[in-house]
Amino acid sequence: MTAAPAATNRIAVVTGASSGIGAATARQLAAAGYRVVLTARRKDRLEELAAEINAAGHQATAYALDVTDRPAVEAFASAFPTIGVLVNNAGGALGADPVATGDPDQWRQMYETNVIGTLNLTQTLLPALIASGDGTVVVLSSTAGHATYEGGAGYVAAKNGARVLAETLRLEIVGRPVRVIEIAPGMVKTEEFATTRFGGDEEKAARVYAGVAEPLTADDVAETITWAVTRPSHVNIDLLVVRPRAQASNTKVHREL
């Protein structure tokens, strides 16, 4: 069973909501009774999703936002005296080069999106979350933030940053009416993650999932987020690691080739 959100904190902000896990999370939180605020850079995708959610009888608002743009984030946050939930989902991976040849610009972009973007939204919305009397911050990290692998150092470093941000925030605000939840997915097959990582190379992207019968879906991860968010207020899911059955670790995957 899920707990219905109180009237004073029914707003849930979801970053990176234009596709994948973010879009799936927005749909499921809306179905759970939240008014979802969809943020991402692609306004057309957000508006399409908001229309879909509203047509289903729920509530959604689209707001184009680059989470790395601090002035824009501050302007966005000023519209919300209270919110109930912040889902820091915006992020992603770029490249799979070894440390010796990795592109510093890709490393910088991953850090800016996964860590600084999460910091920007969390800092600016934290007063509204506290004011709600029952707020929740969700940080979407990754199993990459818990164990490294060859060719993944830039992404691993960024997701370690997101993980440590969540852990430290939880320590620093203990006693305040805000929970801090980290969700760390393993192999998730979405329409864009691997393709974006490999610069649009669909053949390379397909090899990530080759032979894996059932990688996680965006809906699988969204269900874990929604479940964690809708636990009773005194229950904090500090860390939830979710992988497909075929994946035992970042480097151990059963493939039927």
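In the predicted model, the largest nonpolar core comprises 36 residues, and those with the most contacts inside this core are V36, L38, I183 and I225. Leaving aside neighbours within four places in sequence, L38 is in contact with V14, A17 and A26, with L46, L49, A50 and I53, and with A60, T61, A62 and Y63. Another core, of 25 residues, lies apart from the largest one; L65, V73, A162 and L169 are among its members.

I225 of the largest core is also one of the buried residues of helix 8, together with A218, V221, A222, T224, T226, A228 and V229. The buried residues of this helix pack against helix 1 (20–31) and against four strands, namely strand 4 (85–88), strand 5 (135–140), strand 6 (178–185) and strand 7 (239–242). Helix 8 covers residues 218–229; at 1.5 Å a residue its 12 residues should span 16 Å, and the end C-alpha atoms are 16 Å apart, so the expected and modelled spans agree.

The same check was applied to helix 4, which covers residues 104–131. Its 28 residues should span 40 Å at 1.5 Å a residue, and this agrees with the 40 Å between its end C-alpha atoms. A kink of about 45 degrees is nevertheless present in helix 4 at L125, shortly before the proline P127. The N-terminal end of helix 4 is capped by D103, with a side-chain oxygen of D103 placed 2.8 Å from the backbone nitrogen of D105. After helix 4 comes G133, which has a positive phi, near 80 degrees.

Conventions. Residues are numbered from 1 along each chain as its sequence is written. This is a predicted model: local features need pLDDT of at least 70, side-chain atom pairs count only at pLDDT 80 or more; totals for chains, interfaces and linings use all residues. Side-chain values use heavy atoms; hydrogens and water are left out. Helices (H or I, at least four residues) and strands (E, at least two) are DSSP runs, numbered from the N terminus. The expected span of a helix is 1.5 Å times one less than its number of residues. The bend at a residue is the angle between axes fitted to the seven residues ending there and the seven starting there. A polar contact is a pair of N or O atoms within 3.5 Å; within protein, one must be able to donate a hydrogen and the other to accept it, and residues adjacent in sequence count only if both atoms are side-chain atoms. A nonpolar core is a set of buried Ala, Val, Leu, Ile, Met, Phe, Trp, Tyr and Cys residues joined through side-chain atoms within 4.5 Å. Buried means under 20% relative accessible area, exposed over 50%, partly exposed in between (1.4 Å probe, protein chains only). Contact means heavy atoms within 4.5 Å.
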